[in-house]
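Got your viewer open? Let's take a short walk through this model, one selection at a time.

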Amino acid sequence: MAVREDKKEIIIENAVGVFAEKGYYKATTAMVAMAAGVTQPYVFHFFKNKEELFNAVIDRAFSRIYDTFAKVHAPADQLIETMGHAFEQIIQTHRDEVLMVMQAHAISDPGIREHVSGLFLKIFESLTLKFEHAGIPNAKETASQFIGTGLLITLAEVLKLPQLTPGNENC
């Protein structure tokens, strides 16, 4: 059973790179299989189609961001900056995942759009609660701005335009 789960993780890990490089529409399960060193039918042993595979990949990426933000503890006056640094660290260590997350909203497939919408809402709600508990005023607006800044940082990263995010030289 552990070997089976390991193979599934290998497929997901390699799918991240394929989806990040090719995008959802140009990526194929054959490309993922080749990158993972398995056959295409083996990919379908774990995932019924490309959408289900993509959702598994995006779920893992969102979970990494969600869990990272949940673990951040700092005084209210340092919380947003500390969380920003945590996000920058995720970009450095799991760049392809972050790029997928921040671009996933642009996929027009209704099933994926709905899935990604739910994940962004979960992040938004968790940020709002975190900011409320910290006593940060206008928690909803602050959560929106935080997500917007994350999207901008990711856009600057993808386009290699650091001048879009002055003050974020680490990105």
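Start by selecting R95: with a relative accessibility of 28%, this residue counts as partly exposed. Keep in mind that you're looking at a predicted model. Now add E157, which makes a salt bridge with R95, their closest N and O atoms sitting 2.8 Å apart. This pair links distant parts of the chain, with E157 in helix α8 and R95 in helix α6, 62 residues apart. Is E157 buried or exposed? E157 is buried, at a relative accessible area of 16%.

Next, click on E97. E97 is buried, since its relative accessible area is 5%, and the cut-off for buried is under 20%. Show R64 too: E97 and R64 form a salt bridge, with 2.6 Å between the closest N and O atoms. E97 belongs to helix α6 and R64 to helix α4, so the pair ties together parts 33 residues apart in sequence. R64 itself is partly exposed, at 26% relative accessibility.

Keep E97 on screen and add R60. Their side chains meet in a salt bridge as well (3.2 Å, N to O). Here R60 sits in helix α4 (residues 50-71) and E97 in helix α6 (residues 95-103), 37 residues apart. R60 is buried, at 18%.

How many salt bridges does a search of the whole structure find? Six.

For a change of scenery, select L152, L155, V158, L159, L161 and L164, which make a nonpolar surface patch of about 440 Å². L155 is found in helix α8 (residues 139-159) and counts as partly exposed, at 40% relative accessibility.

Last stop: K26, in helix α1 (residues 2-26). K26 counts as exposed, with 64% relative accessibility.

Key: Residues are numbered from 1 along each chain as its sequence is written. This is a predicted model: local features need pLDDT of at least 70, side-chain atom pairs count only at pLDDT 80 or more; totals for chains, interfaces and linings use all residues. Side-chain values use heavy atoms; hydrogens and water are left out. Patches are made of residues with over 30% relative accessible area and no salt bridge: like charges are joined within 9 Å, nonpolar side chains (Val, Leu, Ile, Met, Phe, Trp, Tyr) within 5 Å. Accessible areas come from the Shrake-Rupley method with a 1.4 Å probe; for residues, only the protein chains shown count as cover. A salt bridge is a side-chain nitrogen of Lys or Arg within 4 Å of a carboxyl oxygen of Asp or Glu. Helices (H or I, at least four residues) and strands (E, at least two) are DSSP runs, numbered from the N terminus. Buried means under 20% relative accessible area, exposed over 50%, partly exposed in between (1.4 Å probe, protein chains only).
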